[in-house]
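Thanks, everyone. Please pull up the sequence and the model on your screens. I'll talk you through it.

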Amino acid sequence: MPGHEVGNDEYEQKQVNADPDGFDSQYLKIYYGKLFPYEEMFKWMSYANDGKHPACNQSYFGRREFSFTLDNDVYLRYKTFNSVSELESSIKEKCPVKIDIGPVYNVDPAKRHSYAQSGCFPEERELIFDIDMSDYDDVRYCCSGADVCLECWPLMTIAIKVIDTSLRDDFGFNHILWVYSGRRGVHCWVCDVKARRYITRLTNELRAAIADYFRVYKGSENSHRKVSLMGPSLHPFLARSYTEVLKYFFEKTLLSNQKIFSTAERYEKILDMIPDESVTSELRGKWQRTSNAKEDINVARWEQLKHLLQSGKQKMQGLRRCVEEIVFSYTYPRLDMEVSKHMNHLLKAPFCVHPKTGRVCVPIDPNRCEEFDPTAVPTLSTLIEELNNGDLRAEADNERDRTSLGKSIRFFQSSFLEPLVKSCKEDMISSYNAKLQQSKLQQSKNVLAAI
């Protein structure tokens with residue numbers, strides 16, 4: 001957990017030094033003052049409980065945990081707010097460099113010390129996923145650690161396509177938000193009522209089961225085979241992922257982008273995954289000879305490997321499966337399982353500004369995720385410049401529509417927030433009417449029984 005945790009009143013302001021990427025405390029104050037979408041965030045986190053219908057739970061938003069990381073590395077947990085104005089005022093006052101969102105508790109978690117040890121617990125939580133590019137360092141050669149470029153970003157595109165399709169088709173979820181982390185990864189928020197509420201009531205075990213459904217990458221740092229695909233055929237989910245996403249991106253993008261077979265050190269990692277020494281010796285012999293072919297050497301060597309492993313003479317199922325295992329090892333999503341399993345795990349809020357890059361954590365359209373460019377998202381410095389210049393949509397009614405952030409907020413509203421709130425209201429009214437009808441029936445039974 002970053003920084004040191006302090007109480008809500010223990011706060012000392014400290015100046016942030018501007019860095020080359022344009023992250024500056026004064027800029028951040030302007031961002032929170034003019035651009036941060038407070039109303040939209042409140043609307044989202046309220047899940048239609050901010051209305052006047054009798055079924056609305058007016059305490060709902062006030063039991064949601066927020067945490068602030070301040071510029072002097074002070075960490076404020078268990079912050080709660082009863083209204084959008086309280087949320088806005090606190091953010092403007094504290095000017096956090098990072099905002100995290102936690103679960104909804106059964107009581108106000110800011111008052112947790114007033115209850116017995118078991119009297120304050122998470123009651124509701126979105127199903128969340130965290131995918132970090134640094135977990136792919138063993139299969140990308142362009143960058144490492146926190147660095148990301150357009151050569152390795154397709155790995156995040158693959159993750160979004162695979163996970164999003166499965167969440168919708170296999171689990172029936174509809175209200176899914178994908179967000180750029182601001183630096184080296186993506187976050188996923190599954191916000192359907194059955195993900196937030198019913199999975200919660202069945203404890204963390206069901207969350208773990210859903211997370212484990214996606215688990216294929218099981219290798220350790222020292223193991224040669226990172227993936228083990230069991231059985232005579234792939235699970236339908238894995239087969240779909242392989243044919244529709246993984247194979248295409250591996251062969252059309254990553255082979256050349258990452259130059260996977262370009263050196264002996266790199267192709268030896270591939271050969272280590274093949275459990276037949278005669279096959280690896282034959283391939284190694286071919287690849288050690290200098291090739292003058294004009295074809296991309298990475299593509300050529302991959303075709304040679306596929307031909308040898310999938311030819312008629314390779315009768316062992318394990319050998320024929322090696323091609324799939326290699327593709328999965330280099331492309332399949334690598335999830336931080338602990339984030340998804342535990343209800344009390346915090347996740348960075350959308351529309352935060354990453355303090356290391358100055359980039360805003362904007363939503364990503366899963367239907368067009370291959371078009372997303374992490375190097376082109378709005379940054380703190382460019383947004384302030386756009387505000388000052390007023391070039392973009394100068395006639396706009398609000399200031400954020402005069403900036404490049406306006407497009408991201410409009411996408412958040414139209415593609416995610418509005419359908420979500422509509423669904424929440426329908427569920428709320430339907431549930432309320434059902435309970436009302438049940439109550440009337442019970443009253444009728446009581447009257448008949450008394451006669």
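I'll go from the whole chain to the core, then to one strand, the salt bridges and a surface patch.

One caution before the details. This is a predicted model.

Start with the overall picture. The chain has 451 residues, and 51% of them are buried. There are 14 helices and 10 strands. How much of the contact map is long-range? Take contacts between residues at least 6 apart in sequence: 68% of these join residues at least 24 apart. On the outside, the chain exposes about 21700 Å². Carbon and sulfur atoms supply 47% of that area.

Now the inside. In soluble globular proteins, nonpolar side chains tend to be buried together. Here, the largest nonpolar core has 126 residues. Which residues have the most contacts inside that core? They are Tyr31, Trp44, Leu305 and Phe328. Click on Leu305. Set aside its neighbours within four places in sequence, and Leu305 is in contact with Phe261, Ile270, Ile274, Leu283, Trp287, Val323 and Ile326.

Next, strand β6, residues 127-132. Why call this strand largely enclosed by the rest of the structure? Because 6 of its 6 residues are buried. Look at the two faces. Leu127, Phe129 and Ile131 sit on one side, and they are buried. Ile128, Asp130 and Asp132 sit on the other, and they are buried too. Note the two aspartates on that second face. The partner strand is β8, residues 185-190. The two strands run antiparallel, joined by 6 bridges. Within that pairing, Asp130 has His187 as its bridge partner in β8.

On to charges. The structure holds 29 salt bridges. I'll pick a few.

The side chains of Arg334 and Asp138 meet at 2.6 Å, N to O, in a salt bridge. This pair links distant parts of the chain, 196 residues apart. Arg334 is in the loop between α11 (317-331) and α12 (337-341). Asp138 is in the loop between β6 and α4 (154-169). Buried or exposed? Arg334 is buried, at 4% relative accessible area. Asp138 is partly exposed, at 23%. The cut-off for buried is under 20%, so Asp138 at 23% does not count as buried.

Second pair: Glu268 and Arg284, a salt bridge at 2.7 Å, N to O. Glu268 lies in helix α8 (residues 264-271) and Arg284 in helix α9 (residues 277-288), so this pair ties together parts 16 residues apart in sequence. Both ends are partly exposed: Glu268 has a relative accessible area of 22%, and Arg284 has 24%.

Third pair: Arg368 and Glu371, with their side chains in a salt bridge at 2.8 Å, N to O. Arg368 is partly exposed, at 47% relative accessibility.

Not every charged group stops at a pair. Lys247, Glu251, Glu303 and Lys306 are linked in a network of salt bridges.

Last stop, the surface. Which residues make the nonpolar patch of about 370 Å²? Val447, Leu448 and Ile451 do. Ile451 is in the segment after α14 (405-450). Ile451 counts as exposed, at 79% relative accessibility.

To recap: a largest nonpolar core of 126 residues, a β6 strand buried on both faces, and 29 salt bridges. Add the patch made by Val447, Leu448 and Ile451. That's my walk-through.

How values were computed
Residues numbered from 1 in each chain as written. Predicted model: local features only at pLDDT ≥ 70, side-chain atom pairs only at ≥ 80, totals over all residues. Heavy atoms only, no water. Core = buried A, V, L, I, M, F, W, Y, C linked by side-chain atoms within 4.5 Å. Buried < 20%, exposed > 50% of the residue type's maximum accessible area, 1.4 Å probe, protein only. Contact = heavy atoms within 4.5 Å. Helix = DSSP H or I, 4+ residues; strand = E, 2+ residues; numbered from the N terminus. Pairing = 2+ DSSP bridges. Areas by Shrake-Rupley, 256 points an atom, 1.4 Å probe, with all protein chains shown as cover. Salt bridge = Lys/Arg side-chain N within 4 Å of Asp/Glu carboxyl O. Patch = residues over 30% accessible without salt bridge, like charges linked within 9 Å, V, L, I, M, F, W, Y side chains within 5 Å.
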